[in-house]
There are 2 protein chains.
Amino acid sequence: MANEAGALCISSTNLAEFIGVNSCQIRKDFSYFGYLGIRGSGYNIEKLIKKIKSILKITVVQKAALVGVGNLGSAILSFPGFAVYGFNIAAAFDVSPQKIGKKINNVKIENISKLWILKRKKVNLAILAVPSEAAQSTTEKLVKAGVKGILNFSSCYLSVPKKVKVITTDIAMELARLPYYIPAG
Amino acid sequence: MANEAGALCISSTNLAEFIGVNSCQIRKDFSYFGYLGIRGSGYNIEKLIKKIKSILKITVVQKAALVGVGNLGSAILSFPGFAVYGFNIAAAFDVSPQKIGKKINNVKIENISKLWILKRKKVNLAILAVPSEAAQSTTEKLVKAGVKGILNFSSCYLSVPKKVKVITTDIAMELARLPYYIPAG
DNA sequence: CTCTGTGAAACCTTTCACAGCG
DNA sequence: CGCTGTGAAAGGTTTCACAGAG
C-alpha cells in the first residue's frame, strides 16, 4: 500500500515517480543504508524518515546562528521552513547600530563583535548573509568562534580550515542556470 | 601571467586552486567548448567569460518575474546580485491587497490575477517565492502565461510540462545538509 | 503476484600522463 | 619551459534484469 495521506508504506516506483527519478535509483541508494524495505509492500515511511534523519545527523534540534540581518537575513529569520528539519535560529548578528537590539521573530540582533558567544552557546552552524566584501572576514570570525558548518549566501568562495564545511548557495547563479534550458524564440 | 586584478589570462592550475578543484577538470571541461586556451599562458579571462555567458544564454539582458512578495520575495526584489548576470526583475506579483500597488526597488507589485501580462511582456523566467500550498497552482498559472523557466524557492516538487524547466532551491534543505559533515562532539 | 535487493552491464566523470604548441 | 588539450586508465553512478522474500 503506497499512496496519499495515512499510508504506512511507499514503494520505490511510487517514490521515484513522485520526485522524478528512476525506481532502481531509489532501491540502490536505500540498499546502502541496509535492509529497510519490505518485499511486496515497499518502505515504511516513518522508519525511512528516521533513518534519513539519523544519517544526516538531524535527529536532535540543531542550533544555528544568522550573521547579517539585511533583506535576505531578515527573510531567513522569519522563514518558517527550518523547523521542518528541526533547526532553531539561536542567535542573529549584524554590524548596523540601527539593527542591534531589535528583535525579529523573537530573536534579538546582537553586535557582530559578540560572535564569540557562539562558542559558549555551543552553536556549530552559521548562516552567512553578509555582503560579499565582508564574507571572508566574517567567516574567519565564525571559525574562531568554533563554528563547524557555514551556509554561505554570498557569491564568493570562502577559504576555511579543512575541519569546517561550507555549503554555498548563490541565488543569482541558480537563476543564471535557467536560460540554458530554454530554446531561443 | 595569471594573477590578481589586471591579469589577462589565468591558467587552469590557478583557476582550479581558486575554486577548489583539480586542474585537469578545468582543462577537460573547457576543451569541450573548443580551443580557448593559449599554450604557455592559460585562458584569456574576457574570452572565457564571453564563452560561458554565450553557453548559458545570458549574453543579453534577461527579464524575470517575481511571484510572491513575502519576506523572501521582498529580499529577492532588493537583491543587487542579479545584475551581475544581466537579469532584470521586470514584474512582481502577490495576492495580498496590502502589497498590491506598492513599489519595492522600483518594481510595482501587481495583482497575481494579472500574471497573463507576462506573455505580452515576453517574460520567460519566473522566481517563485509563494507558500508551499500555493506553489503548484501558481506554477500552472505561470505556465499558462508562457513562462519557460521557474526558479522555485518552495520545498515542493512542481509538476510542469516537459518544455518548462524548474530549478528548485530549498534553503532549509541546504542547511540540513551541513550537520552530516560535522563530527559529533 | 508485488516489490525489494543486488550482481552485472552500460554509461558517465575524473584523474593520469604526456605529446606538442607558444 | 609553461601550459593546453587529450587519449587511456581509473573510479563512480545509473540502469538492467531477475532471484527470491512477503
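Which residues come nearest to DNA strand D? Here is a short tour of the model, beginning with that strand.

1. **Ground rules.** This is a predicted model, in which local features need pLDDT of at least 70 and side-chain atom pairs count only at pLDDT 80 or more, while totals for chains, interfaces and linings use all residues. Residues are numbered from 1 along each chain as its sequence is written, chains are lettered from A and ligands numbered from 1 in the order in which they are written, and side-chain values use heavy atoms, with hydrogens and water left out.

2. **Around DNA strand D.** B:Ser12, B:Arg27, B:Tyr35, B:Gly37 and B:Tyr43 come nearest, out of 20 residues around the strand. Sugar and phosphate make up 61% of the strand D atoms that come within 4 Å of the protein. A residue is called near a strand if one of its heavy atoms lies within 4 Å of it.

3. **Contacts to strand D.** A phosphate oxygen of DNA strand D has a polar side-chain atom of B:Ser12 at 2.6 Å. B:Gly37 places a backbone N or O atom 3.0 Å from a phosphate oxygen of this strand, and a polar backbone atom of B:Gly40 is 3.2 Å from one of its sugar or linking oxygens. A polar contact is a pair of N or O atoms within 3.5 Å; within protein, one must be able to donate a hydrogen and the other to accept it, and residues adjacent in sequence count only if both atoms are side-chain atoms.

4. **Elements and classes at strand D.** At least two residues of the surface near DNA strand D come from each of α2 (23-32) of chain A and α2 (23-31), β2 (37-38) and β3 (42-44) of chain B. The largest share, 4 residues, is that of α2(A). Helices (H or I, at least four residues) and strands (E, at least two) are DSSP runs, numbered from the N terminus. By class, this surface has 5 nonpolar, 9 polar and 6 charged residues. Here Ala, Val, Leu, Ile, Met, Phe, Trp, Tyr, Cys and Pro count as nonpolar, Asp, Glu, Lys and Arg as charged, and the others, Gly among them, as polar.

5. **DNA strand C.** Turning to the other strand, A:Ser12, A:Arg27, A:Tyr35, A:Gly37 and A:Tyr43 are the closest of the 20 residues that surround DNA strand C. Of the strand C atoms within 4 Å of the protein, 62% belong to sugar or phosphate and the rest to bases. Polar backbone atoms of A:Leu36 and A:Gly37 lie at 3.3 Å and 3.0 Å from a phosphate oxygen of DNA strand C. A base is reached from chain B: a polar side-chain atom of B:Arg27 is 3.4 Å from a base nitrogen of DNA strand C. The largest share of the surface near this strand, 4 residues, comes from α2(B), and the surface divides into 5 nonpolar, 9 polar and 6 charged residues.

6. **The second largest pocket.** Its volume is about 1,800 Å³. A pocket is found on a 1 Å grid over the protein atoms alone, as an open set of points where a 1.4 Å probe fits, with protein on both sides within 12 Å along at least five of seven lines; lining residues have an atom within 4 Å of a point. Grid points are joined across faces, edges and corners, and the volume is the space filled by probe spheres set on the points. Of the 39 lining residues, A:Met173, B:Leu15, B:Ile19, B:Ile52 and B:Tyr85 lie nearest the centre of the pocket. α3(B) gives the most to the lining, with 7 residues, and the lining has 26 nonpolar, 7 polar and 6 charged residues.

7. **Two asparagines with positive phi.** A:Asn106 has phi near 70° and sits in the loop between β6 (103-104) and β7 (107-111) of chain A. B:Asn105, with phi near 55°, is in the loop between β6 (103-104) and β7 (107-111) of chain B. A:Asn106 is exposed at 67% relative accessible area, and B:Asn105 is exposed at 52%. Buried means under 20% relative accessible area, exposed over 50%, partly exposed in between (1.4 Å probe, protein chains only).

8. **Cysteines.** The count is 0 disulfides over all chains, a disulfide being a pair of cysteine sulfur atoms within 2.5 Å. Why does A:Cys9 have no bond to A:Cys24? The sulfur in A:Cys24 is the closest cysteine sulfur to that of A:Cys9, but at 20 Å it is too far for a bond.
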